[in-house]
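Work through the exercises below with the sequence and the coordinates open. Each task is followed by a solution in steps.

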Amino acid sequence: MRDFDLDNTFFFLKSLINGERRLVTIERSEFSPMSREVVDKISHRLEVMAPDKLDKLVRESVKARLLNESMTLVCLNCGWVGSVRNKDLPDRPKCPNCGSEKLGALRIDEERVRQVMERWREGKAKSEDNELIEYINRTAELVGKYGKLAVLALSSRVRIDDIEEFLPKISDIDKLVLIIHDLEKRELRRRFME
Ligand SMILES: [Zn+2]
């Protein structure tokens with residue numbers, strides 16, 4: 001999404017809806033120098049980019065983003081916690097310490113995960129740890145079954161309920177990217193309508 005500032009577009013559109021900003025239409029017979037500039041740029045870009053090409057480009061950028069993401073991995077067998085860049089993972093990630101495939105994968109700071117894991121393994125988990133522990137177990141279930149594809153999915157902005165639903169149906173990264181791109185768009189729309 002290098003060329004699109006999604007976050008600021010979101011805030012801008014929201015400010016229009018809640019009335020912070022007003023949209024004013026001015027009719028003129030010709031373009032102002034500034035709109036001329038914008039129209040020229042846009043029409044030039046539309047010319048060089050057919051819709052299917054644009055789609056392909058967006059999918060490639062989603063794929064690159066997922067592969068470049070770093071995740072905190074946590075071994076449910078020996079308690080090892082570490083951070084790994086997605087693209088460096090093998091198809092079936094294993095704990096570098098004990099070889100177990102029961103790895104949780106989180107978009108949460110390594111240190112925080114380590115502290116919670118230590119308390120849990122010593123039987124001293126606080127009540128506020130429970131939510132994270134349950135989440136770690138859910139992600140480990142997915143990574144154990146679907147390997148690297150699960151880690152990639154978990155590093156997206158898609159909710160884990162959705163991931164649990166679609167992962168069993170896919171077998172390669174291109175399909176994964178297609179679905180994630182779709183669901184992220186839907187998620188953005190949902191947040192927007194709230
Ligand atoms: Zn381990």
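**Exercise 1: Exposed positions**

Phe192 is located in helix α8, where helices (H or I, at least four residues) and strands (E, at least two) are DSSP runs numbered from the N terminus. The model is a predicted one, in which local features need pLDDT of at least 70, side-chain atom pairs count only at pLDDT 80 or more, and totals for chains, interfaces and linings use all residues. Residue numbers start from 1 along each chain as its sequence is written.

Task: state why Phe192, Ser35 and Arg92 are classed as exposed, and place each in the chain.

Solution.
- Step 1. The criterion is a count of other C-beta atoms within 10 Å of the residue's own, with C-beta atoms placed from the backbone: 20 or more is buried, 12 or fewer is exposed, and in between is partly exposed.
- Step 2. Phe192 counts as exposed because it has 11 C-beta neighbours inside 10 Å. Its C-alpha atom is 38 Å from that of Trp80, a residue 112 positions away along the chain.
- Step 3. Ser35 sits in helix α2 (residues 33–48). Ser35 has 12 C-beta neighbours inside 10 Å and therefore counts as exposed. Between Ser35 and Arg191 there are 31 Å, C-alpha to C-alpha, and a sequence separation of 156 residues.
- Step 4. Arg92 belongs to the loop between β2 and β3. Arg92 is exposed because 12 other C-beta atoms lie within 10 Å. Leaving out residues up to four places away in sequence, Arg92 touches Glu101 and Gly147, contact being C-beta atoms, placed from the backbone, within 7 Å. The C-alpha atoms of Arg92 and Val143 are 8.2 Å apart, with the two positions 51 residues apart along the chain.

**Exercise 2: The sheet**

Task: give the strand order of the open sheet of 3 strands and its pairing, then follow β1 to its partners.

Solution.
- Step 1. The order is β2-β1-β3, and the pairing is antiparallel; two strands pair if DSSP finds at least two bridges between them. β2 and β3 are the edge strands, each pairing on one side only.
- Step 2. From one strand to the next the twist averages 30°.
- Step 3. β1 and β2 (residues 81–85) are antiparallel over 5 bridges. Opposite Val74 stands Val81 in β2, and opposite Leu73 stands Gly82 in β2. The hairpin of β1 and β2 has 5 residues between the strands, and there Gly79 takes a positive phi near 90°.
- Step 4. β1 and β3 are antiparallel over 4 bridges, with Leu103 in β3 as the bridge partner of Cys75.
- Step 5. In β1, 5 of 6 residues are buried. In β3, Leu103 and Ala105 point one way, Gly104 and Leu106 point the other way, and all are buried.

**Exercise 3: The nonpolar core**

Task: which elements each supply at least two residues of the largest nonpolar core, and what does Val74 contact?

Solution.
- Step 1. A nonpolar core is a set of buried Ala, Val, Leu, Ile, Met, Phe, Trp, Tyr and Cys residues joined through C-beta atoms within 7 Å. The largest one has 29 residues, and Val74, Ala105, Val143, Ala150, Val151, Ala153 and Leu154 have the most contacts inside it.
- Step 2. The elements are β1 (70–75), β3 (103–106), α4 (110–121), α5 (130–146), α6 (148–154) and α8 (173–193). The most comes from α6, with 6 residues.
- Step 3. Apart from neighbours within four places in sequence, Val74 contacts Val81, Leu103, Gly104, Val113, Met117 and Ile136.
- Step 4. α5 lies across β1 and β3 and runs at about 115° to β3. Axes are lines fitted to C-alpha atoms, for helices over the stretch in contact, and angles run from 0 to 180 degrees between N-to-C directions.

**Exercise 4: The two domains**

Task: how many residues does each domain give to the contact?

Solution.
- Step 1. The assignment gives domain 1 (6–64) and domain 2 (68–193); such bounds come from an automatic or database domain assignment.
- Step 2. The C-alpha centres of the two domains are 35 Å apart. The contact takes 6 residues from domain 1 and 7 residues from domain 2.
- Step 3. On the side of domain 1 that touches domain 2, helix α3 (residues 51–68) gives the most, with 5 residues.

Note on methods: Contact = placed C-beta atoms within 7 Å.
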